[in-house]
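Hi everyone, thanks for coming. Today I'd like to walk you through a structure, starting with some charged side chains and ending with a sheet.

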Amino acid sequence: MRILAPRLRKEVFALLPEGVEVRFLDEPWPKTADFFLPPFGQEEVVRKVLAEVEVKVVQTLSAGVDWILPLVPQGVVLCDGSGIHDAPVAEWVVMALLALLKDLPGFWGAQRERRWAPKRLLDLEGKTVLLLGYGAIGRAVAERLKPFGVELFPVARTARPGVYTPKDLPLLLPQADAVVLLLPLTPETRRMVDRDFLAQMKPGAFLVNAGRGALVDTEALLEALEAGRVRAFLDVTEPEPLPEDHPLWRAKGVVITPHVAGLSEGFNRRAARFLAEQVGRYLRGEPLWNVVREGY
């Protein structure tokens with residue numbers, strides 16, 4: 001069996017079964033490969049590989065596949081990396097909520113000005129959090145928020161006990177103190193958070209985006225931020241990277257991190273475990289994990 005991959009750290013491939021050959025993209029490419037691990041966001045490289053190498057499975061190490069979905073030829077299996085990033089993204093979401101509730105941006109500003117500025121802070125306990133997207137990462141967020149004593153509104157495409165659907169949003173949005181975006185980017189979810197969505201949110205509520213920037217209509221968000229109707233913590237933006245002159249940098253009530261929620265010291269360890277299991281399933285003829293169907 002052969003894997004074609006970018007030159008990741010050796011730890012990522014350390015647990016692979018014996019006899020698996022790993023060829024790197026900076027080496028001469030083989031004519032065939034069982035698995036191709038595409039370098040994230042490098043569409044031209046991906047196009048070239050898929051045009052020149054006969055690939056059976058494209059395995060991303062990212063949870064989102066919106067960027068690569070149009071590039072994968074018919075007949076090639078696409079699998080995402082759901083499960084690799086659950087813990088760090090969930091931790092980022094908790095951090096974002098606490099930072100907004102405890103007004104860390106305000107205190108950082110006061111510190112820079114050497115100004116002692118005490119104020120009454122908000123509690124996470126008792127708050128209502130709407131999780132828009134309730135897959136593996138959504139469940140990981142829920143597990144970490146429950147001990148804080150929050151009320152959770154999980155929203156997924158398919159209804160099940162205790163889980164709402166997007167049809168329930170007009171009822172849920174006015175009740176939620178925070179809305180956390182964890183959806184994949186699809187034609188149905190693109191710019192789902194528009195003016196109408198933001199207008200339905202509780203005044204002063206938080207919008208936390210750990211999904212994709214294009215889930216949000218940026219112009220509508222800017223209007224809501226400037227009007228003080230919402231505050232936001234964003235790990236992803238549209239466009240991305242955010243140009244240095246973009247008004248979102250200077251908008252009132254927003255904190256931005258540069259798409260780092262899933263980047264953590266444990267990535268190599270988690271990716272190694274995932275890849276070893278996925279390759280093992282392939283070699284044993286078992287169903288692969290995370291096969292992408294209907295766009296995600």
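**Charged pairs and a sheet**

Let's start with Arg281, which makes a salt bridge with Glu286; their closest N and O atoms sit 3.9 Å apart. Keep in mind, by the way, that this is a predicted model. Now, is Arg281 buried or exposed? Arg281 is buried, because its relative accessible area is 17% and the cut-off for buried is under 20%. Its partner Glu286 comes out at 32%, so we call Glu286 partly exposed.

And this pair has company. Which residues are linked in a network of salt bridges here? The members are Glu277, Arg281, Arg284 and Glu286.

If you're new to this, here's the basic idea: side chains of opposite charge can pair when their charged atoms come close.

How many salt bridges does the structure hold? The count is 20, and I'd like to show you two others.

One of them joins Asp177 to Lys202, with 2.9 Å between the closest N and O atoms. Look at where the two residues sit: Asp177 is in the loop between helix H5 (169-172) and strand S8 (178-181), while Lys202 is in the loop between helix H6 (195-200) and strand S9 (205-209), so this pair ties together parts of the chain 25 residues apart in sequence. Asp177 has a relative accessibility of 19%, so it counts as buried. Lys202, at 27%, is partly exposed.

The other one is Glu223 with Arg195, where the closest N and O atoms are 2.6 Å apart. Here, too, distant parts of the chain get linked: Glu223 belongs to helix H7 (residues 218-226) and Arg195 to helix H6, and they are 28 residues apart. Both ends are partly exposed, Glu223 at 39% relative accessibility and Arg195 at 43%.

OK, on to the sheet. What order do the strands come in? Reading across, you get S2-S1-S3-S4-S5, which makes 5 strands in an open sheet with parallel pairing. Why is one side of S2 and of S5 left without a neighbour? Strand S2 (21-24) and strand S5 (77-79) stand at the edges, and each has a single partner strand, so one side of each has no neighbour in the sheet. From one strand to the next, the twist averages 30°.

Let's zoom in on one edge. Strand S4 (residues 54-59) runs parallel with S5, and the two pair over 3 bridges. If you want a spot to click on, try Gln59: its bridge partner in S5 is Cys79.

That's my tour, thanks for listening!

Definitions and conventions
Residues numbered from 1 in each chain as written. Predicted model: local features only at pLDDT ≥ 70, side-chain atom pairs only at ≥ 80, totals over all residues. Heavy atoms only, no water. Salt bridge = Lys/Arg side-chain N within 4 Å of Asp/Glu carboxyl O. Helix = DSSP H or I, 4+ residues; strand = E, 2+ residues; numbered from the N terminus. Buried < 20%, exposed > 50% of the residue type's maximum accessible area, 1.4 Å probe, protein only. Pairing = 2+ DSSP bridges. Axes fitted to C-alpha atoms, helices over the stretch in contact; angles between N-to-C directions.
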